[in-house]
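Let's take a walk through a protein together and look at the empty spaces inside it. Keep the picture in view as you read, and find each residue as it is named.

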Amino acid sequence: MSHAHFFLIGLATLILSVGATGTAPASETIKIGVAGAHSGDLAPYGLPSLKAVQLVVKEINDQGGIHGLPVELLVEDDGCKPELATNSATKLVSSGVRAVIGHICSGATKAALPIYHAAKVLVISPSATAPSLNQDGEYPFFFRTIATDDIQAKTQVDFALQTLKAGKIAVLHDKGDYGKGLAEHAQSLIEQSGKAQMVLFEGITPGAVDYSAVVQKIKRSEAEALLFGGYHPEASKLVSQMRQKRITIPLVSDDGIKNDTFIKLAGKDAEGVYATGPADVASNPATKLYREKYKQIEGTDPGAFFNNAVAAALALTNALAKAMSADAEAVAHVLRTEKVATPFGPITFDAKGDPVGIGFSLYQVNNGQFVQIR
């Protein structure tokens, strides 16, 4: 079914103005925030997500909005930095947003969530994967359209043990909420497996130019595979410096490096690198539709988390329409109980806001492109 059909439900006016108890004025809009890294090193994650949301919202507004009310996007660039994310969240809440699509990075999301929670603003992230973000269900209005890092770590460790047959594994991370959390999940899975020895576990400093000290440690450890939790700026330097020292062991990393920028930065050293990421859903009709719209505007293929952001925008706007309200509790109820068509197929959300029906796949760089291998 065309997702536009969700919104052709008549022009009943919703009570959507902030704090309103009567009929919303004709000029009212449904304000949705979009927060993420739109500049800096991690913009290759934030910009595709922003453009995905803009495409979905344009389609909705072209169809007459949600129950006759146009959707208005308020965009905030947090650079994936926790201290900027709190400013962004405060600004969006005071501007009257009813929901936020974002943030992009787990650290920024963690910093912003208490602010949204206090204001009863629903949040749906396309890419924040740290399980700790809602470990105990303390944020009933937090959702995400990506599987969590415990699942991502399991995909990586299973591959290292079963396919690479690595008996000695080194694990590095970038000390951030995302990278360190992912590495710690991998660490416990390796230890529980009884099949491999973890010969190195260490954090590296983000932004450093030289990783030769840790590269020497990898060499001395005699590791047969390296798992890295973090983002592409560090991973690209790390793999290049390893290859310079003739360390040829496989690098298995995460969706924080699974983008074209990693390949550009690492050059020939990117070849053969493995990374987990959301499944390749290129054949899904919803994927094709939005990918073509993006290509018409941008002239290139969309980047990382584009499909996850399309899914977030579709899920949120569908829930707003079906809830007949922008109240966070009503919208959250729809998200948890009614499936919505997305690039990943029909999905719903569990009690913690995690998606039911989305997992991780494994990719490898082959001739300058990430290719899904399992």
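A good place to start is the largest cavity, which lies between domain 1 (3–146 + 283–358) and domain 2 (150–279 + 361–372), because both give residues to its lining. Remember as you look that this is a predicted model. The volume of the largest cavity is about 70 Å³. Its walls are built by Tyr45, Ile104, Cys105, Ser106, Ser127, Thr129, Tyr178, Tyr231, Asp255, Gly256 and Phe305. Sorted by class, that lining has 6 nonpolar, 4 polar and 1 charged residues.

Now step back to the two domains themselves. The domain assignment of the chain gives domain 1 as 3–146 + 283–358 and domain 2 as 150–279 + 361–372, so each of them is written as two stretches of the chain. Their C-alpha centres lie 31 Å apart. Where the domains touch, 16 residues of domain 1 are in contact with 16 residues of domain 2.

How does one find empty space in a protein at all? Rolling a probe the size of a water molecule over the atoms shows where empty space is left. In this structure there are 4 cavities of 30 Å³ or more. You have met the largest cavity; the second largest cavity holds about 50 Å³ of space. Around the second largest cavity you will find Leu113, Tyr116, His117, Val121, Val123, Tyr139, Pro140, Phe141 and Phe142. Helix H3 gives the largest share of this lining, with 3 residues. By class, the lining of the second largest cavity has 8 nonpolar residues, 1 polar residue and no charged ones.

While you are at H3, look at the loops on either side of it. His103 sits in the loop between strand S3 (99–101) and H3, and the peptide bond that runs from Gly102 to His103 is cis, with omega near -10 degrees. Another loop, between H3 and strand S4 (122–125), holds Lys120. Phi of Lys120 is near 55 degrees, a positive value in a residue other than glycine.

Next come the pockets, starting with the largest. What is its volume? The largest pocket has a volume of about 1,100 Å³. Its lining counts 37 residues, and those nearest its centre are Lys258, Asp301, Pro302, Gly303 and Ala304. Two or more lining residues come from each of helix H1 (43–62), helix H8 (260–266), helix H9 (285–298), helix H10 (306–323) and strand S15 (369–372). By class, the lining of the largest pocket has 18 nonpolar, 9 polar and 10 charged residues. Why does the largest pocket lie between domain 1 and domain 2? It lies there because both domains give residues to its lining.

Two of the helices just named also pack against each other. Two packed helices are described by the angle between their axes and the distance between the axes. For H1 and H9 the angle is about 105 degrees, and the axes are 10 Å apart. Angles of 65 to 115 degrees count as roughly perpendicular, and H1 and H9 are therefore roughly perpendicular to each other. On the H1 side, the contact is made by Lys51, Leu55, Val56 and Glu59, while H9 brings Leu289, Tyr290, Lys293, Tyr294, Ile297 and Glu298. The residues of this contact divide into 6 nonpolar, no polar and 4 charged.

One stop remains, the second largest pocket. Its volume is about 460 Å³. It is lined by 21 residues, and the closest to its centre are Leu42, Cys80, Asp174, Pro206 and Tyr231. You may recognise Tyr231, which also lines the largest cavity. Helix H3 (106–119), helix H5 (177–193) and helix H7 (232–244) each supply at least two residues of the lining of the second largest pocket, and H7 gives the most, with 3 residues. Its lining has 9 nonpolar, 6 polar and 6 charged residues. Because domain 1 and domain 2 both give residues to this lining, the second largest pocket lies between them.

How values were computed. Residues are numbered from 1 along each chain as its sequence is written. This is a predicted model: local features need pLDDT of at least 70, side-chain atom pairs count only at pLDDT 80 or more; totals for chains, interfaces and linings use all residues. Side-chain values use heavy atoms; hydrogens and water are left out. On a 1 Å grid over the protein atoms alone, a cavity is a set of points where a 1.4 Å probe fits but cannot get out, and a pocket is an open set with protein on both sides within 12 Å along at least five of seven lines; lining residues have an atom within 4 Å of a point. Grid points are joined across faces, edges and corners, and a volume is the space filled by probe spheres set on the points. Helices (H or I, at least four residues) and strands (E, at least two) are DSSP runs, numbered from the N terminus. Ala, Val, Leu, Ile, Met, Phe, Trp, Tyr, Cys and Pro count as nonpolar, Asp, Glu, Lys and Arg as charged, and the others, Gly among them, as polar. Axes are lines fitted to C-alpha atoms, for helices over the stretch in contact, and angles run from 0 to 180 degrees between N-to-C directions. Angles under 35 degrees count as roughly parallel, over 145 as roughly antiparallel, 65 to 115 as roughly perpendicular and the rest as oblique. Contact means heavy atoms within 4.5 Å.
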